Amino acid sequence: MTTASSADHPTRRDFLFVATGAVAAVGAAATVWPFVAQMNPDAATIAAGAPIEVDLTPIAEGQDIKVFWRGKPIYISHRTKKQIEEAQKVPLASLPDPQADSARVKAGHDQWLVVIGICTHLGCIPIAHEGSYDGFFCPCHGSVYDTSGRIRSGPAPTNLPVPPYTFVSDTKIQIG
């Protein structure tokens, strides 16, 4: 039987119902969380090839940065007008692995060069802005690449590879 005074004020029984419901809700969430979390890819899967986005705004003209994708170093170079002109005027017949500069950059974004920074000779990491052509120089065996990542001299058989990438916006790229 309920009296007028007990209906207006919460009782101990009301408190126990609310507390029990709150504990049950927290317990249900704690039980469901591992099942939801296991649907996310693990770190090994992400490292094995998930695409990465790189913001290009902090890279000054003439500067490059190195990021990692799939465990490989990726050089992103913001080339100057002089570097672009020098790379475009090289006669293809003089290159050991002929490839036009326009085939190594995205149309309309000639100032950005994106290459995998692994020497094609024995897998060393070349140094940027070194060598006779102000491109990349591999100090291990002397391979010299130009500002387009093309092999110019040394034992490397091919150009530095270009990874799959797209421009998400004018200031951001997605690699992979």
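Strand 4 (residues 112-116) is largely enclosed by the rest of the structure, because five of its five residues are buried. Buried here means under 20% relative accessible area, with exposed being over 50% and partly exposed in between, using a 1.4 Å probe and protein chains only. Strands, like helices, are DSSP runs numbered from the N terminus: E for at least two residues, or H or I for at least four in a helix.

Some housekeeping: this is a predicted model, where local features need pLDDT of at least 70 and side-chain atom pairs count only at pLDDT 80 or more, while totals for chains, interfaces and linings use all residues. Residues are numbered from 1 along each chain as its sequence is written, and side-chain values use heavy atoms, with hydrogens and water left out.

Back to the strand. In a regular strand the side chains alternate between the two faces of the sheet. In strand 4 both faces are covered, with Trp112, Val114 and Ile116 buried on one side and Leu113 and Val115 buried on the other. Its antiparallel partner is strand 3 (residues 72-78), joined to strand 4 by five bridges; strands count as paired if DSSP finds at least two bridges between them. Ser77 has Leu113 as its bridge partner.

Strand 5 (residues 127-130) and strand 6 also run antiparallel, with three bridges between them. Glu130 stands opposite Gly135 of strand 6. Four residues sit between the strands of this hairpin, and Gly131 takes a positive phi near 90° there.

Now for the rings. Two aromatic pairs turn up in a search of the whole structure, a pair being Phe, Tyr or Trp rings (six-membered ring for Trp) with centres within 6.5 Å; planes under 30 degrees apart are stacked, over 60 edge-to-face, and the rest tilted. Tyr75 and Phe136 make a tilted pair, 5.2 Å centre to centre with 45° between the planes. Tyr75 is in strand 3 and Phe136 in strand 6 (residues 135-138), so this pair ties together parts that are 61 residues apart in sequence. Both of these residues, Tyr75 and Phe136, are buried. Tyr165 and Phe167 are edge-to-face, because their centres are 6.1 Å apart and their planes lie at 65°. Tyr165 and Phe167 are both buried too.

Charges also sit over rings, which requires NZ of Lys or CZ of Arg within 6 Å of the ring centre and within 35 degrees of the ring normal. Lys106 puts its charged end over Tyr165, 4.8 Å from the ring centre, and Arg152 does so over Tyr133 at 4.1 Å.

The salt bridge count comes to five, each being a side-chain nitrogen of Lys or Arg within 4 Å of a carboxyl oxygen of Asp or Glu. The table lists some of them.

| Acid | Base | N to O distance |
|---|---|---|
| Asp101 | Arg79 | 2.8 Å |
| Asp146 | Arg150 | 2.9 Å |
| Asp146 | Arg152 | 3.4 Å |

Asp146, Arg150 and Arg152 belong to one network, through salt bridges that share partners. Asp146 counts as buried because its relative accessibility is 2%, and Arg150 is buried as well. As for the other pair, Asp101 lies in the loop between helix 4 and strand 4 and Arg79 in the loop between strand 3 and helix 4, so they tie together parts 22 residues apart in sequence. Asp101 and Arg79 are both buried.

Finally, Glu86 is in helix 4 (residues 81-88) and counts as partly exposed because its relative accessibility is 31%. Its C-alpha is 75 Å from that of Thr20, 66 residues away along the chain.
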